[in-house]
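Here are some notes for a colleague who is opening this entry for the first time. Please read them with the sequence and the model side by side.

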Amino acid sequence: MAYSEKLLDHFKKPKNVGTLDKDSKAVGTGLVGAPECGDVMRLQIEVDEESNVIKDAKFKTFGCGSAIASSSLATEWLKGKTVDEALAIDNMAIVEELALPPVKIHCSVLAEDAIKSAIADYRKKNGIAEEA
Amino acid sequence: MNSDKLIYLDNNATTPTDPRVVEAMLPYFTQHFGNAASRNHPFGWQAEKGVDTARQHIADLIQVDSREVIFTSGATEADNLAIKGVFEMYAQKGNHIITLKTEHKAVLDACKKVEKLGGEVTYLDVDREGMVDLKALEAAITDKTILVSIMFANNETGLIQPMKEIGEICARKGVLFMSDATQAVGKIPVNPKELGIHLMAFTGHKMYGHKGVGCLYVSRKNPRVKVTAQMDGGGHERGMRSGTLNVPGIVGFGEAARLAKLEMAEEAARLSKMRDRLESELMKIEEVYLNGSQAHRMPHVTNLSFKHVEGEGLMMTFNQNIGVSSGSACTSASLEPSYVLIALGLGDDLAHSSLRLSLGRFNTEEDIDAAIQQIGQGVQHMRDLSPIWEMYKEGVDLDAVEWSEH
C-alpha cells in the first residue's frame, strides 16, 4: 500500500517525540490502545495555567506507520491551541491531512482518543470539571 | 539509509522467475503453441512433448512416476483438489479429516468447506515450535477418518514436520496422508514415496518458476489413490483436472524442477549460511526472539519478533529498499495478527512484532549486510518512538498496566 508523502514524512521524521514529566500539575497524559491490539499511544500536553494554551506536546507510539504519523501530526496541531480548541480536533481531519486509507482510520480515532484522554487527565489533576 | 539496490527477502511469498526458466518457456508461446491435447498434428505433438518432458523433470525431483503428477493452476488448487476430491471420492469410507491449526489458508479453508458439506474436521494444536504432537494425531484418527493433511514446511517459520513419522501412523491406521509441500519442494529433498505421502501439493512460483502453475502428486500404486475432479470438462490429467494444459507454464515449471534438483544441495548450504548470519546478527539486538524451531526448519527462513516494536511500522523504516513480511495485523486483510504465530503460543504483542525473512537463489552476502544494518536501524527508530519500550526499560510491569482496549 502506498502512503502519502505527508504520512511518510511524519513517520520518518516524527515531530515532538519524547516524554514530559507526568507528575507535573501542568502536564496531562493520555495512554490509549493496548500492545495486543498492535498500537499504544502516549500523548502528553503541557498547559499554561493562565491562558489555558497548550505550550508543549509530546508523544511516543508503538504501532504501524499510520499510528505514528497520526500521533506526530496531533502533537503539531495541539501546540498553541487552547484546551477547548484541542478538544474540537476531529479524527477525520487527521484522516484527510495524512490521506489515511480506510483500514487505517482507527489510527486517527486512537489519536483523537489520546488527545481527549490527555486533556481529561490534565483537568482531573487541576480539579477542572469536564464540560457536559 | 537509502541505497539504490532493491533487496528481496520475501522468497516464501514468491520467488523471482529464473531467467533460464523464461528461456525454456519462450518457444512454447509462439513456435510450439499447440494444444497438448491435439493428438493429430505436429503442433499438438510438440506441445505434448514439452509437457511430457516437464512432467518427467517434476517427477524426477520428487522421485515419483511421471503419471502421478497432475497439473493444476497452483498449490491452492492442488490443496483444494486433494481435500475436496478425497472427501468426495471416499465418502463411503468416512467423512473425517485431520489437519493442523498452522496450515496454509488453502488447506484450512478447503477443510472449512468440507465441514459445510457435512464433513468433520479436527484441527490439531501444535507445540511451541509449531510441531505436530504425534500422539495427539494418532489419538485423533477414528474409523471415520479418511485423510490426514499436514504441511511439509511452514510458510511463516520454515518449521519442517516429522513427515516420516506421520506417514507411518497413517499407514498403520490405513488413512490417506496428504501434504502441502509448497515451501519444501525444490529446496530440500522431498520424496513422498519414502515418507508415506499419498497426495502432495506444490507450485512453480516458490521454486523459481512462475505464477499460475502447480501440481498435485497422486499416488498410483500402493495405494492407488483417486480424487474426484473439482473442475469438469475434457477429462485432462487422468480425469482429475480438466482444462487445456498451460503448456508454456508447465514447461517452465519443469525446467525450474530440473534446475532445483541440480543445484539444491549447494544452494541450501549457501542459503543456510547466510540465513544463520542474518539471524545471529539480528539476535544480538536486545529482546529479539526466534519463532519456530532452530533445529527442524528450512535452510532459508528465519522468523523473529522484535519486542515492543510493531512489525508493519518496522517494515516501513526500510521497505523502500527491502522486501520482507510481517505477522503484524496491520499487514493482513483481516487485521488479525498471524494465526500461525498465535498457534505457537505467542502473545498477540509478539505476533505483531514479527518479521519473516526468507532468502533465495538471487540473494548475495551484500544483501544480508544491508538487511542487518537497515533492520537494526529500523528497530532502533521504532524503539525510540515506543512508549512500551520506554516503560519496559523503566521496569514497568506491562502485564499489570490497565490498557484501554479498542
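**Notes on the cores and the interface**

1. The largest nonpolar core (a set of buried Ala, Val, Leu, Ile, Met, Phe, Trp, Tyr and Cys residues joined through side-chain atoms within 4.5 Å, where buried means under 20% relative accessible area with a 1.4 Å probe, protein chains only) has 64 residues, and those with the most contacts inside it are Phe71(B), Val148(B) and Phe152(B). Helix H9 of chain B, residues 247-282, gives the most to this core, with 9 residues (helices are DSSP runs of H or I, at least four residues, and strands are runs of E, at least two, numbered from the N terminus). Apart from this core lies another, of 61 residues, among them Tyr3(A), Phe59(A), Ala111(A) and Phe318(B).

2. The model is predicted, so local features need pLDDT of at least 70 and side-chain atom pairs count only at pLDDT 80 or more, while totals for chains, interfaces and linings use all residues. Residues are numbered from 1 along each chain as its sequence is written, chains are lettered from A in the order in which they are written, and side-chain values use heavy atoms, with hydrogens and water left out.

3. Between the chains, 30 residues of chain A are in contact (heavy atoms within 4.5 Å) with 28 residues of chain B. In chain A, Phe11(A), Glu36(A) and Phe62(A) lose the most area to chain B, together 24% of what that side buries.

4. Across this interface the rule finds 3 salt bridges (a side-chain nitrogen of Lys or Arg within 4 Å of a carboxyl oxygen of Asp or Glu). Glu390(B) forms a salt bridge with Arg42(A), with the closest N and O atoms 2.7 Å apart.

Key
Buried means under 20% relative accessible area, exposed over 50%, partly exposed in between (1.4 Å probe, protein chains only). Buried area is the accessible area (1.4 Å probe) that two parts lose on being put together, summed over both.
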